Amino acid sequence: MRRTALATVALASAAALVLAGCSSRTADETAGGSGEEAGFAADSLVGVALPAKTSENWVLAGDLFTEGLADAGFESDVQYAAASGTVADQQSQIQSMVTKGAKVIIIGAADGSQLGTQVAAAKEAGATVIAYDRLILNTEDLDYYVAYDNAEVGRLQGQALLDGMAAKGEGPYTIELFSGSPDDANSAVFFNGAMEVLQPAIDSGDVVVGSGQTDIQQTATQGWEAENAQSRMDSLLTSTYTGDTQLDGVLSPNDNLARAIITSVKGAGKDIPVVTGQDSEVESVKSIMAGEQYSTINKDTRALVAKAIEMAEQLQKGEDVDVNDEESYDNGSKIVPAFLLPPVIVTKENAAEAYANDPTLGPIAEG
Ligand code: BGC
């Protein structure tokens, strides 16, 4: 978990110098720390390897990177993995960025545990590697991580599920749990964050998982594919919710899956339960305003891409790279210095406020 504000203050006064030295890394250190020259040419190549377009945020990210890196004066190479579930594509895209001499490689991993060789090659060639949105696992060679705080996303989802059900009536409540794709390191972080909030309610008997499927392997949605979530929900409805058996809530890790779950429930002629989401996708914000999906999470892609580009600019100038968390994201080989942005929970109640500055979602949320 993240260091609390109080603990930070206490530590800071006790060891201000040590902490100051820890709060950022210089380009020189990330380049190997052995006196290599800091910084690099302002028009250098920055590679961006993104996963398949499994949600709107990835589509938007590609365009924003292309535009933003050009504005910052970099040459860019922005690539997507062709289809979810195939990592080979992304591996060769990253390898080609290394060969072309990219100085920074920003990666939204298609499969967080299968990029160690490519990240090592990048490091060896002198590039700095930044994991974007999804952590890259089991490698010492990853330099930075920039993301919305995924554990907090999960906690917000868990809390929204409880709040939404409480607003509808008294417990005990019957729920089902869904998680994301097992090859995405975020999936477990979202799920565990949500379970931090839900487990006490399950333990006390206030919340019951109707199917008994509480293990992340049972709840997983391969490839983040909507059809996989829909067919699992179809099966759950048949096995567990026949007749008048009520389903009060569903933990869904993102919007695309939330809509698939709602489609399934509607198809079975059941009342729509409280369903969580994430990503503020247009169709889900409409669904929330229509009183169907209960919540989503606002993780403004513009802010995340801007932060990643700012890191590249800091590296280019040989400046310290801004990080604000050096303890939460252990990738199995090291704690990865991270810059985490705060996610925001959105329901019908605060949608207008949450999207006030969003030209697309603002008008939808206004109703
Ligand atoms: C992202 C989510 C997204 C999911 C599927 C995750 O890694 O953090 O925002 O919904 O991938 O694309």
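Trainee: In which sense do strand 2 and strand 3 pair?
Mentor: This is a predicted model, in which local features need pLDDT of at least 70, side-chain atom pairs count only at pLDDT 80 or more, and totals for chains, interfaces and linings use all residues. Residues are numbered from 1 along each chain as its sequence is written, and side-chain values use heavy atoms, leaving out hydrogens and water. Strands (DSSP runs of E with at least two residues; helices are runs of H or I with at least four, both numbered from the N terminus) pair if DSSP finds at least two bridges between them. Six bridges join strand 2 (residues 45-50) to strand 3 (residues 75-80), with Glu75 of strand 3 as the bridge partner of Leu45, and the sense of the pairing is parallel.

Trainee: What is the handedness of the crossover from strand 2 to strand 3?
Mentor: Leaving strand 2, the chain passes through helix 4 before it reaches strand 3, which gives a β-α-β crossover. With the strands pointing away from the viewer, a clockwise path from the first strand over the helix to the second is the right-handed case, and this crossover is right-handed.

Trainee: Which strands stand at the edges of the open sheet of four strands?
Mentor: The order in this sheet is 8-7-9-10, with parallel pairing. Each edge strand has a single partner strand, so one side is left without a neighbour in the sheet, and this holds for strand 8 (207-209) and strand 10 (274-275).

Trainee: How far is an N or O atom in the side chain of Lys299 from an oxygen atom of the ligand?
Mentor: The ligand is surrounded by 14 residues (each with a heavy atom within 4 Å of it), and Ser55, Asp133, Arg134, Asp184 and Asp279 are the closest. Polar contacts, here pairs of N or O atoms within 3.5 Å, include one from the side chain of Trp58 at 3.0 Å and one from that of Asn186 at 3.0 Å. For Lys299 the distance to a ligand oxygen is 2.9 Å.

Trainee: Where in the loops does Asp133 lie, and what is its phi?
Mentor: Asp133 belongs to the loop between strand 5 (128-132) and strand 6 (144-148). Most residues other than glycine have a negative phi. Asp133, although not a glycine, has a positive phi of about 70°.

Trainee: Is the peptide bond from Gly171 to Pro172 cis or trans?
Mentor: Pro172 sits in the loop between helix 7 (150-168) and strand 7. With omega near -5°, the bond from Gly171 to Pro172 is cis.

Technical notes:
Polar contact = N/O pair within 3.5 Å; in protein donor to acceptor, adjacent residues only side chain to side chain.
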